[in-house]
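Biologist: I should like a close look at a single part of this model, followed outward into its surroundings. Please give one connected account that I can read beside the coordinates.

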Amino acid sequence: MNKSVLFGAMTVASLAAGAAAAGTLEDVQARGKLNCGVTTGLVGFAAPDANGEWKGFDVAVCRAVAAAVLGDGNAVEFVPTTGKTRFTALASGEIDMLARNTTWTLSRDVDLKFTFVGVNYYDGQGFMAPKELGVSSAKDLDGATVCIQTGTTTELNLADFFRANNISYEPVPIETNAEAQQQYLAGACDVFTTDASGLAATRATFENPQDHVLLSEIVSKEPLGPLVRHGDNEWGDIVRWTLNALITAEELGVTSANIAEMSASAGGNPEINRLLGTEGTLGEMLGLSATWAKDAIAVSGNYGEVFEQNIGESTPIGLARGLNAQWTDGGLIYSPPFR
Amino acid sequence: MTIITDPPKGSFRLSMLLNDSRYRSLTLQAIAAILLALAIFYLANNVVTNLQRLGLNIDFSFLGAPAGYDINQRLIEYTSQSTNLKAAFVGILNTLLVAFLACIMATIFGVFAGVLRLSNNWLVSKLMSIYVEIFRNIPVLIWILIIYGIMTVVMPAPRAFRGEDAEAAMFLGISAFTNRGVYIPGPEFSRIFGEMGILSAGIGWLVAIAIIIGSFFGARTVTRRATRIQEATGVRPATLVTNLAIWFLPLIAFFIITGLTFEIPELKGFNFKGGIKIGAPLIAIWFALSIYTGAFIAENVRAGIQAVSKGQTEAAGALGIRPNRIMSLVVLPQALRVIIPPLISQYLNITKNSSLAILVGYADVTATLGGITLNQTGRAIECIVLLMLFYLTISLIISAVANFYNNSTKLKER
Amino acid sequence: MSDTSANAVAFVRTESVPASAPPVNAAGPVKWLKDNLFDGVGNSILTVLAFVAIFMILSNTMPWVLNGIWDAPTLAACREILDGTTGACFAVLSERWNQLLFGFKYPSELYWRPALAFAMLFVAFAPVLFFDLPRKLLIFTGLYPFIAFWLIWGGPIFNPILALVGLIVGYVVFVRLEKTSFAMAMGVGIVSAAVVWSLSKFIGSDSAILSIGYLETVPSRDLGGFMLNMMLGVTCVSLSLPLGIALALGRQSSMPLIKYVCVIFIEFIRGVPLITLLFVASVMLGYFFPPGSGVDLFIRVVIMITLFSAAYIAEVIRGGLAALPKGQYEAADSLGLDYAQATRLIILPQALKISIPGIVNIAVGLFKDTTLVSVISMFDMVGMIRGPILASTDWNGVYWELFSFAALLFFVVCYGISQYSQWLERRLATDHR
């Protein structure tokens, strides 16, 4: 068993070494699978369900890219990564793209040499506290013990916030969300802080969600989005425009229900036609098929549908669109035009 | 009779490199050196190519940049504006602290369990073997998670102490056991050192330790003098009162002069304030490592005591030595020779296993340098290399101590 | 005089008086109690304390265990059934047992494959562990790695067969040439095995051979649960044995270069915690492979754990080598055996026999340490608990049931192995004490 695994790996290694010069797109097409890095489990964003299927908001982005490139939304290998392993996994080529609620920051973009292709969720760090504590603002938290889920920018934001307001606190860094929850519910910390979306997702799983409040302050900007390696702009373009296609589809009213009918033949709206490939050569420019965007949208619907299915108000997580509404509805979700 | 002379010069053949035992080892070493160099070159070349392709570089300057995060448990002054290097240093001290505490505690557990396992009380010895088997056969990772979980759930939260009819009460009114940690009264010097701010306690305790050391030497002088008198006259003067006075009077006087008071922790706001806090993560990892390693040490102790042949005890008895002196003069010195080497390797294991502190949120060096710093800077290679160097240094130091001990207690065979 | 003596005879018993029963406190259960539990004041206090401790533990855990609920779809439903009484929600185990054992991605219709491989593991190990069994069974042990690989990962049976054929060819060549020179035989053997392996390049991906005995492939990323722990443990220990032997011999070598390379390697690996080596596997090792090779995480972890256990096994074997009397080496030399022969025929068989209990201890420790892979985002048993199961909405908050189950599984396996090791130690004890 062992020798042949190693042997197989060596052969693959020697074969792949020749192909390394090719772009990520060719690699993915040759492999027939997209390797997509996700979290090890955050309900609503990326988590395996009881049957072992990955479900979630970030997962939908991976599936859309796989559909655009390979025509099949299931041709994805989900690679669970931790806060520690995600960047190396991407840099060393273990994964083709990372969709793991990762905050877009300058140092990650410039120093770590990654390209953030866009923002699929505008988040911010918030606090959750038990109602009986009677705290309404994070500025009342002087001397409190704070549970932090490590592995993201959370620790830094927290330190900055408390330093700026000149109040003291005791951080308790915790590895996984489940353990942080156990600490918080047992009263080992007064408040739990992570991205507001994560807080909502966590609260949704509590026995008595109404006993806990999210404090009003959002102490940071957390634009979360998929990212790829620096230096392969063609691949970066594909991921960027797949995300934009989902967003534009919502803006133009293209949904998973009507996409078959709309893409059958060119309709009255030229932008929809260009998006769905019934007019123009946008797919060809990207090096993909003409129906790439249609395939991407058909997997799990447009941006709004993905949001509603995974984290929207009808789900236990119950996040409102807020900043993540379309720009036409007063939100920040905005896609450059398809032309 | 032929006289064997040096092989004639110039008759060197290539095949001799492999067949002549004078050259064979050189040949093999040369081949090994070439293979090794090739392997290293291959790996290094891959690293360089990969890093170049990604536009990355190996750069340790991030160590000088502000860390940006806070650390809960720290032995030296540290703020979120301190450098990553200092954060790593805080982590190193925390690792050493928990390793030191766990070594002591594990030795206590291990010696107790090991001795009790040999007890002729059937129930106790069976209980101890159950303890040893259960803890030796379940991964330490699971134990750490279970013990941290038990601490969190079983101990009351600070808010349980609040209100008129609180669910929890302070122990004897001076200590609080909560799931955030244990708060005990902290000594404070109200006079002399009081005005010196944060340093006061530190200097105060240094002086106190100096006084204790002084007392130790004082007491030893008295005891030696007593022994001399005993050897000269056969009568040993009473030293108990003198010794007690030497031990305690100076210390008590020092405490009275400096106005030692104990600050009792009390619930203020979200947490207990004042006194000394021993954080829950520290207690959890400390206890988990101690009780886990204690099971291994118990086996070492048992084996060590059983290794002393029964004839030794009987021989000592035949010489008329009393039982407790047999233990201290005959059995223990021989058992220790067997116990100590594996004990030191258990200490090494504790130090290495303390890297699992990351699971309970204890800020050891794996959690600061190899955790948050690595996450925030993305400098994986640099952080992990430094981390390994640190553990390697500690291990080498401990092994050096072990070797020194082994050599000094080796049976001198003639 | 004679009268008295004749009369005296009447008073002499011809048989001895039957022994009267010992006093009640000097025999039977009472004596046992007195000797073992209440022998003196200190001992009695200890006994009472022990009883109190047992009572405390049992009274706290038994209601929880006995009142356990085994059938409920979610934690909330389970708590509803319990209705405020103390009780465990073992329902999570009956609901998710498959994920705990096989991971969440392994296709459920294929569970029979790893289960079969696990069952065959016992058959394969039996002749190694018990010397009395017929030696012919060792053939199956040799075949087992290939069968297990095929069963667990799937794919065409051609791959493992080719690998096996390559090994056999290499071995046959080695045996043929061994008489001339050990080193040359080794080299030629390896080369001929590699030649056989490279034949696979000439087989097209659509070749008919590949469809023979094809099992559905399962990528190694989909392995998980207790199966992953078992696989890592078994694979790494068996791979590290030959490496460990080589390192131990290298460390004893008279050639300074080889000796110091081995010493540095062993001391380095033993000096750092396994978790840092796993970090290396997860975040650094990728850089050591050629660009784009993408060796998957499972193999990288196997490499690091194998190196780790090889260093420890090397130290155990070195102890075994050191324990051999010098006369054995000298005897081998005087028979005119060269280094390879002496090592293979005289030294190693004896040294390995002494080292077996130590190696078994290392194996148990290593098996326990495979749980550390959960820290680097692999879903082994502990990883499954900390990740997908505790993060799911259904079972968020069930800690004790899951960890007790994991602890129980590990205990059964490790206790079993350590009992075997003790049996073996008694069996191997040849010094008749």
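Which residue in β5(A) does Gly37(A) stand opposite?

Modeller: Gly37(A) stands opposite Leu98(A) in β5(A). The model is a predicted one, and the account below should be read with that in mind.

Gly37(A) belongs to a covered face of strand β1(A). This strand spans residues 34–38 of chain A, and 5 of its 5 residues are buried. In a regular strand, side chains alternate between the two faces of the sheet. In β1(A), one side carries Leu34(A), Cys36(A) and Val38(A), while the other carries Asn35(A) and Gly37(A); every one of these is buried, and both faces are thus covered.

β1(A) has pairings with β5(A) and β4(A). With strand β5 of chain A (residues 97–98), the pairing is parallel and extends over 2 bridges. With strand β4 of chain A (residues 76–80), the pairing is again parallel and comprises 5 bridges. In β4(A), Val76(A) lies opposite Leu34(A).

Chain A also offers a useful companion to β1(A), namely strand β9(A). Here 6 of the 6 residues are buried, so β9(A) is largely enclosed by the rest of the structure. Its two faces are both covered: Ala144(A), Val146(A) and Ile148(A) are buried on one side, and Thr145(A), Cys147(A) and Gln149(A) are buried on the other.

β9(A) takes its place in an open sheet of 5 strands, ordered β10-β9-β11-β8-β12 in chain A, with mixed pairing. The edges are occupied by β10 (169–174) and β12 (212–214) of chain A; each has a single partner strand, so one side of each is left without a neighbour in the sheet. On average, neighbouring strands of this sheet are turned by 25° against each other, direction ignored.

The individual pairings show how the sheet is assembled. β9(A) runs parallel to β10(A), and 6 bridges join them; within this pair, Gln149(A) stands opposite Ile174(A). β9(A) also runs parallel to β11(A), with 3 bridges between them, and the bridge partner of Cys147(A) in β11(A) is Phe192(A). Strand β8 of chain A (residues 125–130) pairs with β12(A) in the antiparallel sense over 3 bridges. There, Met128(A) has Leu214(A) of β12(A) as its bridge partner. Helix α7 of chain A (residues 177–185) packs on the sheet, touching β8, β9 (144–149), β10, β11 (191–195) and β12 of chain A; the direction of α7(A) makes about 155° with that of β11(A).

A loop residue of chain A also merits attention. Asn166(A) is located in the loop between α6 (154–164) and β10 of chain A. Its phi is positive, about 55°, although it is not a glycine. Most residues other than glycine have a negative phi. Asn166(A) has a relative accessibility of 70% and therefore counts as exposed, the cut-off being over 50%.

Chain C provides a counterpart in Ser377(C), found in the loop between α15 (339–369) and α16 (381–391) of that chain. Ser377(C) is not a glycine, yet its phi is positive at about 60°. Its relative accessibility is 7%, and Ser377(C) therefore counts as buried, for which the cut-off is under 20%.

For a further sheet one may turn to chain B. An open sheet of 3 strands there follows the order β1-β2-β7, with antiparallel pairing. Its edge strands are β1 (176–178) and β7 (276–279) of chain B, each of which pairs on one side only. Neighbouring strands of this sheet are turned by 10° against each other on average, direction ignored. β1(B) is joined to strand β2 of chain B (residues 181–184) by 3 bridges, and the two run antiparallel; Ala176(B) stands opposite Tyr183(B) in β2(B). Helix α8 of chain B (residues 280–307) packs on the sheet and touches β2 and β7 of chain B, its direction making about 55° with that of β7(B).

Finally, a contact links chains B and C. Asn50(B) is found in helix α2 of chain B (residues 21–54) and is buried, with a relative accessible area of 3%. The side chain of Asn50(B) reaches the backbone oxygen of Phe289(C) at 2.9 Å.

Methods: Residues are numbered from 1 along each chain as its sequence is written. Chains are lettered from A and ligands numbered from 1 in the order in which they are written. This is a predicted model: local features need pLDDT of at least 70, side-chain atom pairs count only at pLDDT 80 or more; totals for chains, interfaces and linings use all residues. Side-chain values use heavy atoms; hydrogens and water are left out. Helices (H or I, at least four residues) and strands (E, at least two) are DSSP runs, numbered from the N terminus. Buried means under 20% relative accessible area, exposed over 50%, partly exposed in between (1.4 Å probe, protein chains only). A polar contact is a pair of N or O atoms within 3.5 Å; within protein, one must be able to donate a hydrogen and the other to accept it, and residues adjacent in sequence count only if both atoms are side-chain atoms. Two strands pair if DSSP finds at least two bridges between them. Axes are lines fitted to C-alpha atoms, for helices over the stretch in contact, and angles run from 0 to 180 degrees between N-to-C directions. Contact means heavy atoms within 4.5 Å.
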